[in-house]
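Me: I am new to this structure and would like to learn how to read it, one feature after another. Could you take me through it slowly?

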Amino acid sequence: MLIEAFVFIFGICFGSFLNVCIYRFPRNLSIVKPSSFCPKCNNPIRWYDNIPLLSFIILKRRCRNCKESISFHYFLVELITGLVFLVSYIKLGFSFVSAQYIVLFSLCILVSFIDIEWRAIPGWICILGIILGLLAGTIETFFLFNKSCLSVTSVTEFPIVKSFLGVFLCIGFSYFFKLLGDFGLWIYLSFRKKESIEGEKESLGLGDVDFLGMVGAFLGWKLGFLTFFLAPLVSLVYCIYIVVFKKSHLIAYLPFLSVATFIAVFWGDKIIKLILPF
Ligand SMILES: [Zn+2]
């Protein structure tokens with residue numbers, strides 16, 4: 001229990017750092033300087049007001065200086081990051097694989113919350129994710145060679161091959177669907193004699209395509225494809241809610257792709273066996 005608690009606390013502290021990144025990356029601010037400040041009054045936040053989860057509750061979601069309310073996102077990011085660290089540890093212990101999943105999930109949380117606020121993400125984040133995924137595949141291949149327990153039967157099961165193949169197939173596949181969707185949307189818009197839907201002319205954004213490349217780099221193409229197909233199911237209820245009640249069509253899709261990634265990591269192999277039992 002002590003280790004679990006430590007992992008969770010480490011997770012929420014890392015979530016606090018992710019909050020800084022979520023606020024500063026899209027605004028092109030440094031993540032090192034200055035130290036934490038209130039986005040409303042710009043006053044620095046003291047360390048005792050910056051304790052993950054607790055400060056939010058103690059301050060009753062208000063800044064001590066200006067009394068303006070603090071977004072619930074801050075609390076949510078810390079809590080989710082803590083839980084993701086905890087679940088990864090419980091399922092896989094301290095291992096290279098669990099470290100990889102923690103990196104992937106952290107990137108998911110980062111891009112999801114940026115997407116919720118801006119409906120776009122800085123392009124370099126998923127590119128960095130792709131590079132990290134390829135790096136992980138390379139390191140894992142070295143582990144295999146060092147242990148000289150090559151139980152892999154085919155070339156495509158080498159982690160490095162799996163990673164590279166994952167990136168190319170997932171990007172190619174989702175880009176193909178993006179073009180298909182854009183074409184459909186274009187026909188719809190010309191039919192309705194409209195320029196765009198609420199300023200949007202794309203079906204999937206390039207951010208979503210890069211995101212799937214990142215998932216492919218970490219998990220391989222099979223789980224990447226599964227993530228692609230799971231996301232619409234995950235988002236279904238929300239999409240209906242937005243279209244019917246909010247009369248809108250604009251949806252930040254990365255949070256749903258992220259939830260789909262989480263499902264693919266822990267239950268993906270079982271789901272694939274269920275769909276394709278041969
Ligand atoms: Zn303030």
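Reply: Let us begin with the term helix: helices here are DSSP runs of H or I with at least four residues, numbered from the N terminus. Please keep in mind throughout that this is a predicted model. With that term in hand, we can place a residue, and Thr227 is found in helix α8, which covers residues 221–245.

Me: Is Thr227 buried or exposed?

Reply: A residue counts as buried when its relative accessible area is under 20%. Thr227 has 0% relative accessibility, and therefore counts as buried.

Me: Which residues does Thr227 touch, if those up to four places away in sequence are not counted?

Reply: Thr227 touches Leu212, Val215, Leu257, Ala260, Thr261 and Ala264 when those sequence neighbours are set aside. In addition, the side chain of Thr227 reaches the backbone oxygen of Leu223, at a distance of 2.8 Å.

Me: How is the chain divided into domains?

Reply: Domain bounds come from an automatic or database assignment, and here they give domain 1, residues 1–94, and domain 2, residues 119–278. The C-alpha centres of domain 1 and domain 2 lie 27 Å apart. As for contact, 7 residues of domain 1 meet 5 residues of domain 2.

Me: How much area do domain 1 and domain 2 bury between them, and which residues of domain 1 lose the most?

Reply: Domain 1 and domain 2 bury about 450 Å² between them, with 88% of that area on carbon and sulfur atoms. On the side of domain 1, the residues that lose the most area to domain 2 are Phe25, Val87 and Lys91, which together make up 69% of what that side buries. Sorted by class, the side of domain 1 that touches domain 2 has 5 nonpolar, 1 polar and 1 charged residues.

Me: How many salt bridges and polar contacts are counted between domain 1 and domain 2?

Reply: The count of salt bridges between domain 1 and domain 2 is 0, and the search for polar contacts across their interface likewise finds 0 residue pairs, where both residues must be at pLDDT 80 or more.

Me: How many salt bridges does a search of the whole structure find, and why can such pairs form?

Reply: The general idea is that side chains of opposite charge can pair when their charged atoms come close. In the whole structure, the search finds 4 salt bridges. One of the pairs is Glu117 with Arg27, whose closest N and O atoms are 3.0 Å apart. This pair links distant parts of the chain, since Glu117 belongs to helix α4 while Arg27 sits in the loop between α1 (2–24) and α2 (54–58), 90 residues apart. Glu117 counts as partly exposed, at 44% relative accessibility, and Arg27 is partly exposed as well, with a relative accessible area of 29%.

Me: Which residues are linked in a network of salt bridges?

Reply: Lys178, Asp182 and Glu202 are linked in such a network. Lys178 forms a salt bridge with Asp182, with the closest N and O atoms 2.9 Å apart. Lys178 and Asp182 are 4 residues apart in helix α6 (residues 159–191), so about one helical turn separates them. Lys178 also meets Glu202 in a salt bridge, with 2.8 Å from N to O. Because Glu202 lies in the loop between α6 and α7 (206–219) and Lys178 in helix α6, this second pair ties together parts that are 24 residues apart in sequence.

Me: How buried or exposed are the members of that network?

Reply: Lys178 counts as buried at 4% relative accessibility, and Asp182 is buried with a relative accessible area of 17%, whereas Glu202, at 34%, counts as partly exposed.

Me: Where is Ser98 found, and which residues does Ser98 touch?

Reply: Ser98 is found in helix α4, residues 96–118, and is buried, with a relative accessible area of 4%. Leaving out residues up to four places away in sequence, Ser98 touches Ser88, Leu92 and Gly93. Gly93, in turn, is found in the loop between α3 (72–92) and α4, and is partly exposed, with a relative accessible area of 22%. Under that same sequence limit, Gly93 touches Ser88 and Ser98.

Terms used: Residues are numbered from 1 along each chain as its sequence is written. This is a predicted model: local features need pLDDT of at least 70, side-chain atom pairs count only at pLDDT 80 or more; totals for chains, interfaces and linings use all residues. Side-chain values use heavy atoms; hydrogens and water are left out. Helices (H or I, at least four residues) and strands (E, at least two) are DSSP runs, numbered from the N terminus. Buried means under 20% relative accessible area, exposed over 50%, partly exposed in between (1.4 Å probe, protein chains only). A polar contact is a pair of N or O atoms within 3.5 Å; within protein, one must be able to donate a hydrogen and the other to accept it, and residues adjacent in sequence count only if both atoms are side-chain atoms. Contact means heavy atoms within 4.5 Å. Buried area is the accessible area (1.4 Å probe) that two parts lose on being put together, summed over both. A salt bridge is a side-chain nitrogen of Lys or Arg within 4 Å of a carboxyl oxygen of Asp or Glu. Ala, Val, Leu, Ile, Met, Phe, Trp, Tyr, Cys and Pro count as nonpolar, Asp, Glu, Lys and Arg as charged, and the others, Gly among them, as polar.
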